[in-house]
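Me: I would like to take a close look at a single part of this model. Please give one connected answer, with each term explained where it first appears.

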Amino acid sequence: MMAGLLLARAGIDVTVLEKHADFFRDFRGDTIHPSTLQMLDELGLLDEFLRVPHDELTQISGQIGTDVVHIADFDKLPTRCKFLAFMPQWDFLNFLRDRALAYPTFHLLMQTACTDLIRENGRITGVGTNRTDDASVIYADLVLGTDGRTSIVREKAGLPVTNLGAPMDVLWMRVDKQPGDKIETLGIAGAGNFLVMIDRKTYWQTAFVFAKGTYLALKQGPIDAVKSKMLHLAPFLQGRLDGIASWDDARLLEVRVDRLERWYAPGVLCIGDAAHAMSPIGGVGVNLALQDAVAAANILWEPLSRSAPREADLQAVQRRRMFPTIATQGLQLTIQRFGVRAILKSTHLERAPAALRQLTRIPALRRTVGRLIGLGFRPEHIRSPLRARPRDERPVT
């Protein structure tokens, strides 16, 4: 949606496909980082965006054993917004959709899924869809694969994936919220498991993190066993878990960390999770995908205004975004190896590791972590031009 908005405002004719009838999907990435908010500011959309209901987090803390660890501060970031914003992803997508639809070169097809790629003379020239009308086949100078970690575009283009591994999986659940509830930390870690709780005003969106490879054994037992583990981590949840009545009330997120070594082929380019699935650590996945979209628009708007982009143009996008991808995944893998795996394998966890306790004591370390989370390794800025006039600004004839 971001790539479509940027290319449409640059005067490029864009069609975005969405396989569902709406964007309402629970338990999706909802963390909007200062780098993304800065890009919205550069587009002149930030003030309007911040009027959409959201929560703001100026620091990140977590409880490990009996220790509350202050992990990251965002107060010194060189951005207008020095906080993480939490907003349901459907609200964010609806916001971008409404701004993109203002441009006559932007088209959105709902309930339309890519099912195949069209090839002519060794080049991808469009997509086949699940529709039976005139949009059953859509021809394009470029197919942009933004269809996630199970990407059909990636599969049909024959772009092989390298799996980098993850020690955990996640169960997402809704936990009842009561008046006066307030949680000072984003996560609670104990021996063998940890919880992440996101305030959704009327309920807590809760992630129960457990060791990869144990889901089937876990599911063979009653959901009450999971609820018991949650109560052990967070006793204040007593009486709040009645809404989790069966396994139907728990959604599995299979955590993956992987990437393509080659993101493109003639006529097709993958970005976001289709090019590199991220661990949920730091909530960086959505924001890294948005950085990819901005880089792609910055590099490709001019070639697309003339004709189909060359492979060298697509390669330039990957070259621009490969370093932050590798660096971010490397940091996530390190945290997984030395932090997450140790927690999930532990049978007794009384205190946080000494290295993490240093974060609480040293503000400069917290701000460094805040910069890595909030900005990433290579934040992008809007370079694609505004060449198309929005519909509501077009002269009346």
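In the hairpin of β15 and β16, which residue takes a positive phi, and how many residues lie between the strands?

Reply: The residue is K201, which takes a positive phi near 70° in this hairpin, where 3 residues lie between the strands. The model is a predicted one, in which local features need pLDDT of at least 70 and side-chain atom pairs count only at pLDDT 80 or more, whereas totals for chains, interfaces and linings use all residues. Residues are numbered from 1 along each chain as its sequence is written, and side-chain values use heavy atoms, with hydrogens and water left out. The names of the elements follow DSSP runs, numbered from the N terminus: helices are H or I runs of at least four residues, and strands are E runs of at least two.

The two strands of the hairpin are β15, residues 193–199, and β16, which pair in the antiparallel sense over 6 bridges. Two strands are said to pair if DSSP finds at least two bridges between them. In general, the strands of a sheet pair through backbone hydrogen bonds, either parallel or antiparallel. On its other partner, β13 (residues 168–176), strand β16 also pairs in the antiparallel sense, over 9 bridges. V209 of β16 illustrates both pairings: F194 has V209 as its bridge partner, and V170 stands opposite V209 as well. Strand β16 spans residues 203–211, and 8 of its 9 residues are buried. Here buried means under 20% relative accessible area, exposed means over 50%, and partly exposed lies in between, for a 1.4 Å probe and protein chains only.

The hairpin belongs to an open sheet of 7 strands in the order β5-β4-β14-β15-β16-β13-β17, with mixed pairing. Its edge strands are β5 (67–73) and β17 (251–253), each of which pairs on one side only. From one strand to the next, the twist averages 25°. At the β17 edge, 3 bridges join this strand to β13, and the two run antiparallel; there, L171 has L252 of β17 as its bridge partner.

Two helices pack on the sheet. Helix α7 (residues 223–233) touches β13, β14 (187–190), β15 and β16, and its direction makes about 80° with that of β15. Helix α9 touches β13, β14, β15 and β16 too, at about 105° to the direction of β15. A contact means heavy atoms within 4.5 Å; axes are lines fitted to C-alpha atoms, for helices over the stretch in contact, and angles run from 0 to 180 degrees between N-to-C directions.

Positive phi values also occur in other loops of this model. Q111, in the loop between β7 (106–110) and β8 (114–120), has a positive phi of about 50° although it is not a glycine. At 52% relative accessibility, Q111 counts as exposed. N121 lies in the loop between β8 and β9 (123–129), and its phi is near 55°, again a positive value in a residue other than glycine. N121 counts as exposed, with 85% relative accessibility.
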